[in-house]
Amino acid sequence: QLAPKMISSFTDLIIRAKWLKSKQAEMNSHSIVEFLDVLLAKHLYSEALSLTDEILAVQQRDADATALVRDYQYEQALESLRKIPVDEIAPFIRLVVQRLHSVMLIEHPDRDTEDASYIGHPAIENHGQNWNRDGIRSLLIVALRDMLQTYFSGKKEAGKTGWQTELPELLKTEIAFAVFDRIKIHIYRIFKEDFGDAIEGVLFAKLGDTYVWHEYALLADESFPQFDSATRSKYLAAIEKGPEDKGRDAQYKKYWITRQLKLIRNHLTEDEKKRLSKFDIFTDGEFEDDPTFLSAMRSFHGPTSAYNKGDLENLAVSECIKILIDWKPTTEHFAPSREGLGRIFEEIVVERAEDFSSSCVPAWIDELHPTYITHCFRGLTNVIRNQLRGNSTGVDAKIAWEPVIRLAREVIARGRMN
């Protein structure tokens, strides 16, 4: 409820006293980040910019860039910047650019422009391949992307002209790290109707550049269909010429050309396809389903089973055992496995403990893979556990102990023999 002049003075005090760098920084940081919202709500943008400069400061710890505030507070401050009106947001965009530049300098003290921003954050747009979403670098990339989109959308909707020329100036830095090219190419794609000549230029200039690959790939896929016939021919000729590195062998050159052509394969004419048929652009290798990524992170939930519970739960014991004996896994990655099928078998044993326990015979050791015998015992163990805990599954089940013990003794005896 303070008057704007008092709020301004209080902001000066926070900055001059270096509250975020003091011993009490941990205690002060949350309130200071919330105070930024007060400044923005009061339209005190000059003071907000000064305070944001403090909040978004980064420091080096070992080889990493870290913030003075906690990561979630850093993210909170960046979220507040997204709400700034279009007419006031440009200085805040420049500040975020400077902070991202500082992070890149810490990560790349050799000042190499070919940065590793694609590691952990391979897509500028929101994407499942971005696994390091909470890191300072990623938070700044996402905020800068959103702020630029807000800024240019506002300019466009207001009927402003010439705003396209502001992008290079907004992203201008001492070291032209690749991450800023990636963001620029992303903006080109979002506003492709407004950056025609610039798009054509960057598609030729960055051809084959792996450090901007994903953003370039998306832009090429969306822009190539809009090229006139002369530009199409020129672009395809540039690809067929191959990489600039003349030291590469013929095999690499063919791989390089094929990889580039895959980005635009869905937009080639029949004549173009025929001319380029010597390049295998319509066949994807394992894990190459998305050519816009040079490599991809994939998760796997397993193990998986060739049969589901419904396939087995109503079968006679002998029929179920026969399936376990006959089914053989493949050697393919992430394919169904005995472990996956064994877990299904275990669930059925829990529900039909009496049937399976009474059917246990030492001959199983020779017929069944050890995985399935293990899961049979686990299923029976779970029945006992459920009975002791009063759980519903298997609580009324009866176990025929004599056959189970005979099987267990034979397993132990075989183990001793081996």
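Q: At 25% relative accessibility, does tryptophan 19 count as buried, partly exposed or exposed, and which term fits?
A: In this predicted model, tryptophan 19 has a relative accessibility of 25%. Buried means under 20% and exposed means over 50%, with partly exposed in between, so tryptophan 19 counts as partly exposed.

Q: Which kind of aromatic pair do phenylalanine 10 and tryptophan 19 form?
A: A search of the whole structure finds 15 aromatic pairs, and phenylalanine 10 and tryptophan 19 form one such pair. Phenylalanine 10, at 33% relative accessibility, counts as partly exposed. The ring centres of phenylalanine 10 and tryptophan 19 are 5.7 Å apart with 80° between the planes, and because planes over 60 degrees apart are given that name, the pair is edge-to-face.

Q: How many residues apart are phenylalanine 204 and tyrosine 235, which form a pair that links distant parts of the chain?
A: Phenylalanine 204 and tyrosine 235 form an edge-to-face aromatic pair, with 5.6 Å from centre to centre and 85° between the planes. Phenylalanine 204 belongs to helix α9 (residues 196-205), whereas tyrosine 235 belongs to helix α11 (residues 229-241), and the distance between them along the chain is 31 residues.

Q: Is tyrosine 235 buried or exposed?
A: Phenylalanine 204, with a relative accessible area of 23%, is partly exposed. Tyrosine 235 has a relative accessible area of 2%, and since the cut-off for burial is under 20%, tyrosine 235 is buried.

Q: The charged end of which residue sits over the ring of phenylalanine 204?
A: The ring of phenylalanine 204 is paired with the ring of tyrosine 235, and a charged end also sits over the ring of phenylalanine 204, 5.0 Å from its centre. Elsewhere, the charged end of arginine 259 sits over the ring of tryptophan 213, at 4.9 Å from the ring centre. For phenylalanine 204, the charged residue is lysine 234.

Q: Which residues with aspartate 194 in contact lie beyond four places away in sequence?
A: Aspartate 194 is placed in the loop between α8 (178-190) and α9, and at 21% relative accessibility it counts as partly exposed. Ring pairs link Tyr151, Phe152, Trp163, Tyr188, Phe191 and Phe195 into a cluster. When residues up to four places away in sequence are not counted, aspartate 194 touches Lys156, Gln164 and Trp163.

Q: How many residues does the largest nonpolar core have?
A: In soluble globular proteins, nonpolar side chains tend to be buried together. Within the largest nonpolar core of this model, the residues with the most contacts are Ile55, Tyr74, Leu144, Leu148 and Tyr235. The largest share of this core, 10 residues, comes from helix α6 (residues 136-157), and the core has 83 residues.

Q: How many residues are in the second, separate core?
A: Tyrosine 74, which is among the residues with the most contacts inside the largest core, touches residues including Ile55, Val58, Arg99 and Leu140, not counting residues up to four places away in sequence. The second core is separate and includes Leu312, Val317, Cys376 and Leu380. The number of residues in this second core is 27.

Q: Is glutamate 54 buried or exposed?
A: Glutamate 54 is found in helix α3 (residues 45-55). Leaving aside neighbours within four places in sequence, glutamate 54 is in contact with Ile15, Leu20 and Leu68. Because its relative accessibility is 14%, and the cut-off for burial is under 20%, glutamate 54 counts as buried.

Q: What separation in space do the C-alpha atoms of valine 411 and tryptophan 256 have?
A: Valine 411 lies in helix α20 (residues 401-417) and is partly exposed, with a relative accessible area of 32%. Not counting residues up to four places away in sequence, valine 411 touches Ile365, Ile373 and Phe377. Valine 411 and tryptophan 256 are 155 residues apart along the chain, and their C-alpha atoms are separated by 57 Å.

Q: What is the radius of gyration of the protein?
A: The secondary structure comes to 20 helices and 2 strands, and the C-alpha trace spans about 85 × 70 × 40 Å along its principal axes. The globule rule gives 22 Å for 418 residues, and the protein is well over that value, so it is more spread out than a compact globule, with a radius of gyration of 31 Å.

Definitions and conventions:
Residues are numbered from 1 along each chain as its sequence is written. Side-chain values use heavy atoms; hydrogens and water are left out. A nonpolar core is a set of buried Ala, Val, Leu, Ile, Met, Phe, Trp, Tyr and Cys residues joined through side-chain atoms within 4.5 Å. Buried means under 20% relative accessible area, exposed over 50%, partly exposed in between (1.4 Å probe, protein chains only). Helices (H or I, at least four residues) and strands (E, at least two) are DSSP runs, numbered from the N terminus. Contact means heavy atoms within 4.5 Å. Rings of Phe, Tyr and Trp (its six-membered ring) pair if their centres lie within 6.5 Å; planes under 30 degrees apart count as stacked, over 60 as edge-to-face and the rest as tilted. A charge sits over a ring if NZ of Lys or CZ of Arg is within 6 Å of the ring centre and within 35 degrees of the ring normal. The radius of gyration is taken over C-alpha atoms; the globule rule is 2.2 Å times the number of residues to the power 0.38.
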